Structure formats: structure tokens, C-alpha cells
Amino acid sequence: MKPIHLFNVVPSLPQPLEGLRELAYNLRWAWNHDAIELFRRLDSDLWEASGHNPVRMLGSIDQEVLKSAAEDEAFKAHLNRVTWDTDEYLHSETTWFQTAHGRSAGPLAAYFCAEFGLTECLSIFAGGLGILAGDHLKSASDLGVPLVGVGLLYQQGYFRQYLNQSGWQQEAYEDNDFSVLPLALLKAGDGKPLAVFVDLPGRSVKAQVWLVRVGRVSLYLLDTNVPENRPEDRDITDQLYGGDREMRIQQEILLGIGGYRLLETLGLEPAVYHINEGHSAFLALERVRRIRERHGLSFAEAREMASAGLVFTTHTPVPAGHDYFAPDLMERYFAGYARGLGISWPEFLALGRQDPNDQNEAFCMTVLALRLAACSNGVSRLHGQVSREMWRRIWPGVPFEEIPIGHVTNGVHLRSWISLEMNQVYDRYLGPGWHERGSDRRLWERAARIPPEELWRTHERRRERLVAFARRRLREQFLRRGASPAELNLAAEALDPEALTIGFARRFATYKRAGLLLRDVDRLERILNNPDRPVQVIFAGKAHPLDSGGKDLIRKVIELAERPAFRRRIVFLEDYDMAVARYLVQGVDVWLNTPLRPQEASGTSGMKAAANGGLNLSILDGWWDEAWRDHPEGEPIGWAIGAGETYENREYQDDVESRALYQTLEADVVPAFYDRGPDRLPRRWITRMKSSIGSLCYLFSAQRMMREYTERIYLKAREQAAEMAAGNAARARSLAAWKQRVRENWPHVRVEDAEACAPPEVGVSENFSSRVWVRLGALSSEDVAVELYIGRVNARGELVEARSFPMKAAASGQDGRHLFEAQGVQCPQSGLHGCTVRVLPRHPDLRTPFLPGLITWAGQA
């Protein structure tokens with residue numbers, strides 16, 4: 001039976017408590033301990049039952065409770081304090097961005113992402129990408145960076161996980177009830193829902209728009225579940241990462257093209273568009289199309305103007321993790337769109353291919369973003385290297401280390417993940433304003449002042465709370481599976497609040513190797529069941545619904561946990577979400593991470609554990625490779641498993657690293673935890689805790705990350721975009737024309753007479769000069785950069801550790817020949833060296849000299 005009329009039922013609050021409504025609809029409460037305690041104070045059981053959702057809670061709470069709170073002077077004082085603090089936060093005119101860079105007339109950047117993990121009650125995220133995106137918005141809010149977010153509002157979001165009797169993962173999808181979530185439907189001037197339209201084959205699809213307030217930042221979410229759409233189109237925003245390739249392309253058209261049109265509808269004109277992972281890369285095409293229409297430009301001219309303000313971040317170091325669409329599917333959805341861009345169909349497909357001439361290559365969203373964005377980056381130093389290797393075919397002939405993909409290492413929003421107790425410790429010893437200076441190294445050095453007794457007792461309380469939480473969850477899990485009373489008693493006895501506790505929680509993908517710790521069961525049993533030095537492990541995480549390998553790993557953990565020898569020592573917590581994650585990172589002693597190097601792009605869970613005093617035990621991959629290698633020796637911050645070796649044989653690698661893991665636990669981790677003096681304090685362990693906090697928190701904070709994006713990328717992109725647009729896009733037109741001329745003439749560019757680019761022998765740091773003739777055809781010496789390229793020669797006869805030296809035009813000959821020379825060239829170390837010469841395009845408006853297909857080396861025909 002369907003209703004004939006719809007209406008909303010909203011929370012009914014006494015007048016003195018109206019401030020609660022405003023607080024509930026701004027997610028700033030999600031990282032404000034005082035606000036959370038305020039809602040919990042009303043009804044702690046209901047707060048938990050509501051999934052930590054203040055909107056749902058206020059709509060279902062007993063009216064007598066509200067009436068009592070309205071008459072409670074202490075509660076009203078608490079409410080007034082939180083309200084005042086929130087108002088001060090939202091309306092501050094002394095944020096970092098305003099102080100450092102002044103006011104901004106509009107958004108500096110629009111941040112597009114397929115998922116946002118802001119709080120557990122808003123289930124529109126699957127894992128690390130979404131959590132990172134949520135922390136990005138929160139840190140932008142804290143710093144006052146004028147940023148807006150754009151995403152999709154999923155009717156079901158990601159799945160809820162439960163395990164059957166055999167330990168096999170099952171998935172349940174629950175509908176989000178938007179009416180009781182902390183978001184609001186945007187209305188147009190006529191009072192009707194604001195609408196955005198995108199074109200799909202044979203029809204137009206409508207999306208309504210929801211607003212989520214994230215502190216000072218606005219997040220806009222598109223939703224196609226409206227009556228005007230066909231049933232199949234209403235399902236476009238049904239599930240995150242659900243459906244087939246056709247559903248995926250429809251979602252990404254809505255996110256990229258629809259998201260761009262949404263901002264235009266709202267009258268927002270960000271200077272920069274940040275494509276966070278390739279899902280939203282179609283926005284780059286829409287940006288080009290709209291610029292072309294507005295300014296009457298060619299595709300090439302509009303592309304230059306658009307690219308200047310496009311930023312792309314890739315998060316996936318595994319080729320299979322990127323979105324590819326077959327050419328025939330692309331043609332069905334984009335043939336008409338390509339005509340609107342003013343380019344041919346082969347030219348359109350070339351935008352998404354590493355090899356533009358390969359007619360069979362699928363269209364890749366990551367390649368599209370890399371080709372159109374002026375700035376691209378990975379999310380850790382190692383991931384930047386992996387990304388350059390993965391996508392180097394886009395730039396044939398360019399040395400690996402110079403592929404134009406940089407890195408900005410991820411960070412975490414500290415206030416969202418640090419426990420209330422640790423927050424109070426930091427208030428006392430770092431200062432009450434520490435959270436406003438999260439990226440200040442000198443501030444975090446004050447962690448050394450924290451008394452060992454206080455730091456340890458605080459951590460012990462969080463471990464006790466973790467154990468209590470885990471026991472409650474285990475009991476609930478056992479009840480769902482129809483457990484016997486005896487089995488329920490086992491849940492109450494699981495884990496030991498005083499034992500060394502290791503946490504392993506993440507997506508259960510096979511490359512993350514949850515089974516590495518389980519390879520030698522007998523050895524693991526000896527480690528965990530040492531009567532004097534017991535160890536316990538808490539696992540949590542979801543496998544993708546189609547990942548049978550990941551599901552099998554979960555099953556193996558469950559099977560082991562059910563053995564009598566491990567029942568008190570190993571537990572698996574179902575339905576891993578942000579609430580479970582907080583308990584874990586706030587309470588474990590050791591955060592274990594065992595990915596197959598180099599397949600972890602960054603990882604951020606270990607950063608959260610470190611901020612709570614947990615120590616990392618990890619393979620040297622992602623962020624930990626960076627943290628470990630850059631940290632000075634003698635100040636231990638945790639432990640590394642191995643030294644970053646990789647082997648061709650996966651089985652051998654797993655065997656080597658599992659044995660290294662056991663050895664590290666037996667020889668280092670367990671003794672350091674249980675080595676106690678008369679005061680029962682593990683002082684060696686506490687020293688590591690302080691060193692970890694002081695060395696890692698500032699560097700791997702989202703504030704540092706956000707400031708880096710802002711100052712290194714956003715502001716520079718804004719400046720370059722403004723330059724390209726000035727004077728009716730005069731510089732964009734000029735650059736496009738110059739590139740066209742260079743491309744037409746590049747086949748005639750070649751290096752001649754380069755054999756004597758260096759003398760037969762030269763002393764260390766001794767100056768020498770080099771001269772070479774280059775044929776440029778119709779190009780001038782101003783159009784190119786000629787460089788001497790020198791490095792050591794390895795056993796395979798290849799140049800390594802090479803450097804380039806600019807060569808200046810010295811003379812012009814006939815037939816387009818030009819003499820270039822370099823003076824004062826030096827080699828800083830002895831040994832066999834080699835040299836060659838390369839020619840690159842040069843123009844003052846190029847963000848990088850490395851344009852795909854435009855590089856010529858000496859000896860190249």
C-alpha cells in the first residue's frame with residue numbers, strides 16, 4: 001500500500017532545548033567530545049541504540065526526558081557551553097586560512113569523491129577512501145579553508161556484515177532513512193526540491209540535492225531516488241559500489257557531470273576542482289565543455305583553461321582497482337557528448353587510454369584524470385613511486401622518477417579519533433588549544449612531558465573499555481547465531497584487560513594478508529598462551545561481497561578463534577565501522593599491518609592508533625615506510641617487519657615475513673610490554689609511546705595534509721587558472737596554439753653530433769663543458785629545453801641516479817640546426833658514468849615539461 005501524501009515528523013523540543021536541533025544538524029558534534037557527552041547525557045542507552053545519530057535520537061526520545069532536561073539547570077548550562085563553543089567555531093574570523101591567506105570570495109576548491117566517511121550514522125562510505133575524504137573535509141573546516149564537497153547519497157550505502165554458523169561472511173543491505181539523518185534537502189526558490197539533470201542514453205535523469213554541514217564546510221550529495229525517474233534510474237544511487245559496469249558508469253556520470261552542474265546551479269564557482277580518485281573524473285570533461293560554451297573556445301583551448309584548475313589524487317596502487325569501461329559502452333553513453341566537445345570519437349577515447357593508438361584498450365578513468373589535470377599525486381611517498389611506474393606508458397620516454405605524479409601523504413583528523421581520556425591528557429600537557437595546531441612539530445614534542453604513570457593509566461583504561469566493548473559485541477554476535485548458554489559464557493570470558501592486545505582491522509582483501517599472523521599456528525599458540533606474558537588479537541574488517549578470497553580469510557580467523565587454545569586470545573568483531581574502529585585504535589597496544597608491499601597506498605589506521613598511544617608493528621609499506629625511514633635512529637617509534645624486501649615468489653615472501661613477524665613479537669614486542677619495574681610500569685614501552693606520539697602525530701595529521709594541499713597545490717592552481725582565464729582566455733588560446741604547432745613539428749626534432757657530450761675522463765667535481773647540435777625544423781630554440789643527462793652506469797648499461805643539466809642555445813646553423821652548450825658540468829663521485837642529451841618542449845605556462853609523446857633523446861630516430 002502506497003501513501004497518497006507524504007509529510008515529515010520532526011523532533012518536538014522544549015524551547016530551552018532548541019539549541020540541540022542546530023547542534024544535531026551540523027556534524028561538528030562528531031569531533032567534539034563535549035557535544036557527544038551532551039547527547040549521551042540525555043539518554044546514553046538511546047545514544048547507542050540510535051547508532052550515535054542525534055537526529056534520530058531527538059526524534060525518538062521520551063518527551064518526559066526532554067521536559068526534565070529543560071528544567072535541569074546543569075544540563076542547560078552544558079547545552080549553553082556547547083552552543084557557545086560551536087558558534088565561536090563556525091563564525092571565527094581568525095582561522096589559519098584567513099590569517100595566512102586572507103578572505104576568499106568563493107570556494108577555493110570543490111572536492112569530489114564517491115564516498116565520505118564522516119560519522120557512522122551517515123553510511124555512505126566503504127572504507128579508507130571515504131574515511132580519508134571525511135577527514136579532508138573536517139580538517140578544511142578546522143583550518144577555515146574555503147572548500148565544498150560533492151558526492152552521492154546512497155539509499156543503502158555499504159553493506160552490514162554478519163557471519164553464518166561456518167564463519168562465512170554474509171551481507172545485509174539496510175535502507176538509509178534520510179528523514180532521520182543529519183542532512184537537509186535543498187529547495188529551489190519556488191520551494192520545490194532543487195534538481196540537477198544528467199543525460200543517459202535515451203533519457204534525462206533527475207537528481208535531488210542534500211546538504212550535510214561539516215563544521216564550516218558544506219557537502220552536497222546527489223540522490224536519484226525521485227518519482228520522476230524510471231525505476232532503474234532511481235536505483236543509480238541505491239548502493240555504493242554495487243551493480244555492474246553499466247551501473248558504475250551511470251554513477252560516475254552523475255557524480256562527475258551531475259556534481260559539476262550542481263555547483264553551477266548553486267552559483268558556486270570554485271577556483272579548483274579536486275578529483276579524489278578516478279570515479280569523478282568525468283567532471284573534467286564537463287568543465288572543458290562548459291568553458292568551451294561560455295568562452296567560444298576550441299576543445300584544445302578550453303582544455304588548457306580547465307586543466308589549470310584541475311587536481312587529481314589517485315589512491316589505488318593495484319591496476320585492477322581502477323575503473324575501466326569498454327569502448328562500446330563508452331560510445332553508447334558519450335558519442336553525442338564527444339560531438340559537443342568538438343572532438344572526434346577516436347580523440348575522445350584517446351583521453352582515457354595509456355596508448356592513444358591502441359583501438360582495443362579500454363577507457364580508464366584514472367588515465368582521463370591524469371591527462372586532464374595539471375597536478376596529480378599519490379597518497380604517500382612510496383605510492384607516488386608506484387603510481388609513476390604504473391602509469392608511465394602515458395609518458396613514453398620520460399624517466400620513471402620524472403613522471404609528473406607527485407605525492408601528498410595522507411593524514412588523519414586527530415580530534416575524530418583521539419579518545420576523550422587522551423584528549424584530556426593532551427589538554428593538560430600540550431595545551432588546551434593543541435587541536436588547532438595539529439601540524440606543529442614543536443607542540444607535539446611536549447608529549448615528552450607527560451608523566452609515565454598518567455600516560456600508562458590512561459592507556460590501560462582505554463584497553464579495559466575495548467575489552468568490555470569486544471565482549472558485548474561477541475555476545476551479540478553469538479546471540480544472532482543462536483549460541484548456547486555455554487557459548488555465551490565464553491563471550492564474557494574472552495580477552496584479558498591486562499594482556500598485551502594487538503589490533504588488526506581493515507578491509508579483508510587478500511593483499512592485506514590477515515593470514516600472515518596465522519601461518520604457523522603452533523608458534524602463534526606459544527606466543528598467545530604464555531602464562532606469564534599472554535598476548536591477544538582482535539580482528540575486524542569486511543571483505544568485498546565478490547571477494548571470495550577475502551571471505552575465506554575471515555573464515556580461517558573464525559575457525560582458529562573457535563579452537564579451545566585460542567578462545568580467550570583471538571576474537572573477530574563483525575560489521576567493522578567507525579565506532580568499532582574508534583574503540584580499537586583507542587585501546588590496542590599494538591596496531592598490526594601486514595600488506596604485500598607495495599600494494600598499500602597509504603593506510604591511516606596506524607596513524608590513529610599512534611595518536612592514542614598505540615605502537616605500530618608493520619610491513620614497510622604506505623605511510624609506515626615513510627615514517628620508519630625518515631625517523632632518526634635511536635628513538636624507537638614502533639617496529640618494522642622486515643626491511644622492505646620484495647620477492648617474486650609470493651609464497652616465499654609470506655613465509656619470510658611471517659617468520660620475521662613472530663621473531664619481532666617474541667624478541668622485541670612482548671618483552672618490552674612485560675618488562676616492569678617495582679612500580680609495575682613498562683618504562684621501555686612508555687618511552688616508545690612518547691616517541692611515537694611526538695614524532696608521528698604532527699606529520700601524519702590531516703591538518704598537515706590539508707595545509708600541504710592548500711599551499712602546494714590549491715593556491716598555485718587557482719593562480720594558474722586565473723592566468724589562463726584572463727583577457728578572454730588569451731593565454732589558454734596562446735598555449736593551445738603553441739602546443740599544436742609543437743606537436744606538428746616534433747617529428748622533425750632530433751639530436752645530432754651528441755657522441756662527444758662529455759670528455760673521455762674527468763675528475764670528481766671537475767668542471768667540463770658539453771656541446772651538441774639539435775635539429776628543430778620549424779621550431780625555434782625558444783620552443784625547446786635541451787638538457788645534458790648524466791648518471792652512473794649500472795651492470796645492465798643503464799643510467800641510474802641521473803641528473804639533468806640545462807644547455808643554452810649558442811648558435812644557429814642552416815636547415816633548422818641549433819648549437820646548444822652546457823658549462824660548469826660536474827660529477828660529484830667517481831666511477832663509470834654515461835651521458836646523453838634530450839629535448840623537451842618549453843613554454844612559460846607549462847606546469848610540467850613532460851607532455852605525452854613530446855620528448856626526444858639522442859640516438860632516437
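Here is a friendly exchange about the cores, the disulfide and the aromatic rings of this structure.

Biologist: Before we start, what kind of model is this?

Modeller: Residues are numbered from 1 along each chain as its sequence is written, and side-chain values use heavy atoms, with hydrogens and water left out. Local features need pLDDT of at least 70, side-chain atom pairs count only at pLDDT 80 or more, and totals for chains, interfaces and linings use all residues, as this is a predicted model.

Biologist: Good to know! Which helix gives the most to the largest nonpolar core?

Modeller: A nonpolar core is a set of buried Ala, Val, Leu, Ile, Met, Phe, Trp, Tyr and Cys residues joined through side-chain atoms within 4.5 Å; buried means under 20% relative accessible area, exposed over 50%, and partly exposed in between, with a 1.4 Å probe and protein chains only. The largest such core has 184 residues, and Leu-20, Leu-147, Phe-282, Phe-334, Phe-348 and Tyr-714 have the most contacts inside it. With helices (H or I, at least four residues) and strands (E, at least two) taken as DSSP runs numbered from the N terminus, the top contributor, giving 15 residues, is helix 29 (residues 702-745).

Biologist: And how many residues are in the other core?

Modeller: That core lies apart from the largest one, and its members include Leu-455, Phe-469, Leu-518 and Ile-686. Its residue count is 99.

Biologist: Which residues does Leu-147 touch, leaving aside neighbours within four places in sequence?

Modeller: Contact means heavy atoms within 4.5 Å. On that basis, the partners of Leu-147 are Ala-109, Tyr-111, His-136, Leu-137, Ala-140, Val-217, Ser-218, Met-706 and Tyr-714.

Biologist: On to the cysteines: what is the handedness of the disulfide between Cys-757 and Cys-835?

Modeller: A disulfide is counted when two cysteine sulfur atoms lie within 2.5 Å, and a search of the whole structure finds one. It joins Cys-757 to Cys-835, with 2.0 Å from S to S. Because the torsion about the S-S bond is about 85°, the disulfide is right-handed.

Biologist: How many residues apart in sequence are the parts it ties together?

Modeller: Cys-757 sits in the loop between strand 21 (750-752) and strand 22 (768-775), whereas Cys-835 belongs to strand 26 (residues 833-841). Cys-757 counts as buried at 2% relative accessibility, while Cys-835 is partly exposed at 26%. The parts tied together are therefore separated in sequence by 78 residues.

Biologist: Which cysteine sulfur is nearest to that of Cys-121?

Modeller: Cys-121 is buried, at 10% relative accessibility. It is in no disulfide, and the nearest cysteine sulfur, 18 Å away, is that of Cys-113.

Biologist: Now the rings: is the pair of Phe-504 and Phe-539 stacked, edge-to-face or tilted?

Modeller: Rings of Phe, Tyr and Trp (its six-membered ring) pair if their centres lie within 6.5 Å; planes under 30 degrees apart are stacked, over 60 edge-to-face, and the rest tilted. Phe-504, in strand 15 (residues 500-505), and Phe-539, in strand 16 (residues 535-540), tie together parts 35 residues apart in sequence. Phe-504 is buried at 1%, as is Phe-539 at 0%. With centres 5.7 Å apart and planes at 50°, the pair is tilted.

Biologist: Last one: over which ring does the charged end of Lys-608 sit?

Modeller: A charge sits over a ring if NZ of Lys or CZ of Arg is within 6 Å of the ring centre and within 35 degrees of the ring normal. Arg-216 has its charged end over the ring of Tyr-89, 4.0 Å from the centre. For Lys-608, at 4.2 Å from the centre, the ring is that of Trp-417.
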